[in-house]
Amino acid sequence: MTTATDLQQLAEQAGRDLEDASALQILEWAAETFGPRFCVTSSMEDAVVAHLASRAFPGVDVVFLDTGYHFPETLGTRDAVAEVMDVNVITLTPRRTVAEQDAEHGPKLHDRDPDLCCALRKVAPLEEGLTGYDAWATGLRRDESPTRANTPVVGWDPKRRKVKVSPIARWTQADVDAYVAEHGVLTNPLLMDGYASVGCAPCTRRVLEGEDARAGRWAGSNKTECGLHG
């Protein structure tokens, strides 16, 4: 078994070595290095990273968090990805249903304490779902927000003690759009309806002209991240 220290050193070295590599090359490295102990996480905003990973590692596990609060369009995107792409979609769910959470914490926890809601419905299920993996891939991009500006293409996730791969970290939205167009990649229909970033329905709104791409997430609060990425 590889120790956490070994994995951390591997991640940090790979982050340096692969900084200028293509997204596909980064994922090919991950597939070769970790095999079945590597997975992709997807919010089903689009299937770009899942599509890239399927080229590097056909049949790769794609992990999706079903919080119980998703738009129907998001669940539909997940189902379509599972149907048409060479991936193995795994859906994770929180320990409690929305109704059970309402009974314990009161209704609309997402309005009163969004951090706790995300912790219960996103962070905890992912912690459990990633247990069998040494490395996981995300769709984080440096241009999305100031909090993501220093995202390494391969880094160390100290909280989960796993290698974190962000193959499109250096991409821009234009790069994403070009890849989607070239390969006919599935995207969430909400992206064509004024949403620039898609999360849970109660905490996501359309963005206004000139706003940051993630301005529609937790609008009106100081919250900018769900907790999955730090």
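This briefing covers the annotated domain, one helix, selected loop residues, cysteines and aromatic pairs. The model is a predicted one. A UniProt annotation from an unreviewed entry, "domain: Phosphoadenosine phosphosulphate reductase", covers residues 43-205. The structure holds 0 disulfides, and the count of aromatic pairs comes to 3.

**Annotated domain**

- Over residues 43-205, the chain is 37% helix and 14% strand.
- The end C-alpha atoms of residues 43-205 are 16 Å apart.
- The domain name comes from the UniProt record, where the entry is unreviewed.

**Helix 2 and its surroundings**

- Helix 2 takes in residues 23-34, 12 residues in total.
- At 1.5 Å a residue, helix 2 should span 16 Å. Its end C-alpha atoms are 16 Å apart, so the expected span and the model agree.
- Buried residues in helix 2 are A23, L24, I26, L27, W29, A30, A31 and F34.
- The cover over these buried residues includes helix 1 (4-17), strand 1 and helix 3. Strand 4 (135-137), strand 5 and strand 6 are also among the covering elements.
- G35 comes just after helix 2 and takes a positive phi of about 55°.

**The loop between strand 1 and helix 3**

- S42 and M44 are both found in this loop. Strand 1 is 38-41 and helix 3 is 48-56.
- M44 is not a glycine, yet has a positive phi of about 60°.
- M44 counts as buried because its relative accessibility is 0%, under the 20% cut-off.
- S42 also counts as buried, because its relative accessibility of 14% is under 20%.
- A polar atom of the S42 side chain lies 3.1 Å from the backbone nitrogen of M44. That distance is within the 3.5 Å limit for a polar contact.
- Leaving aside neighbours within four places in sequence, S42 is in contact with V62, V63, F64 and L65. Strand 2 is 60-65, so these four contacts of S42 fall in strand 2.

**The loop between strand 5 and strand 6**

- R161 sits between strand 5 (154-157) and strand 6 (162-165).
- R161 is another non-glycine residue with a positive phi of about 60°.
- R161 is exposed, because its relative accessible area of 53% is over 50%.

**Cysteines**

- C39 is buried, with a relative accessible area of 0%.
- C203 is in no disulfide. The nearest cysteine sulfur is that of C200, 6.3 Å away. A disulfide needs the sulfur atoms within 2.5 Å, so this distance rules one out for C203 and C200.
- C203 is buried, with a relative accessible area of 16%.

**Aromatic pairs**

- F71 and Y195 form an edge-to-face pair. The centre-to-centre distance is 5.5 Å, with 65° between the planes.
- This pair links distant parts of the chain, with F71 and Y195 124 residues apart.
- F71 is in the loop between strand 2 (60-65) and helix 4 (72-84). Y195 is in the segment after helix 8 (173-183).
- F71 and Y195 are both buried.
- W171 and Y179 form a tilted pair, because their planes lie at 50°. Their ring centres are 5.7 Å apart.
- W171 and Y179 are both buried.

Definitions and conventions
Residues are numbered from 1 along each chain as its sequence is written. This is a predicted model: local features need pLDDT of at least 70, side-chain atom pairs count only at pLDDT 80 or more; totals for chains, interfaces and linings use all residues. Side-chain values use heavy atoms; hydrogens and water are left out. Helices (H or I, at least four residues) and strands (E, at least two) are DSSP runs, numbered from the N terminus. Buried means under 20% relative accessible area, exposed over 50%, partly exposed in between (1.4 Å probe, protein chains only). A polar contact is a pair of N or O atoms within 3.5 Å; within protein, one must be able to donate a hydrogen and the other to accept it, and residues adjacent in sequence count only if both atoms are side-chain atoms. Contact means heavy atoms within 4.5 Å. UniProt positions are given in the numbering used here, feature names are shortened, and annotations may be inferred rather than shown by experiment. The expected span of a helix is 1.5 Å times one less than its number of residues. Rings of Phe, Tyr and Trp (its six-membered ring) pair if their centres lie within 6.5 Å; planes under 30 degrees apart count as stacked, over 60 as edge-to-face and the rest as tilted.
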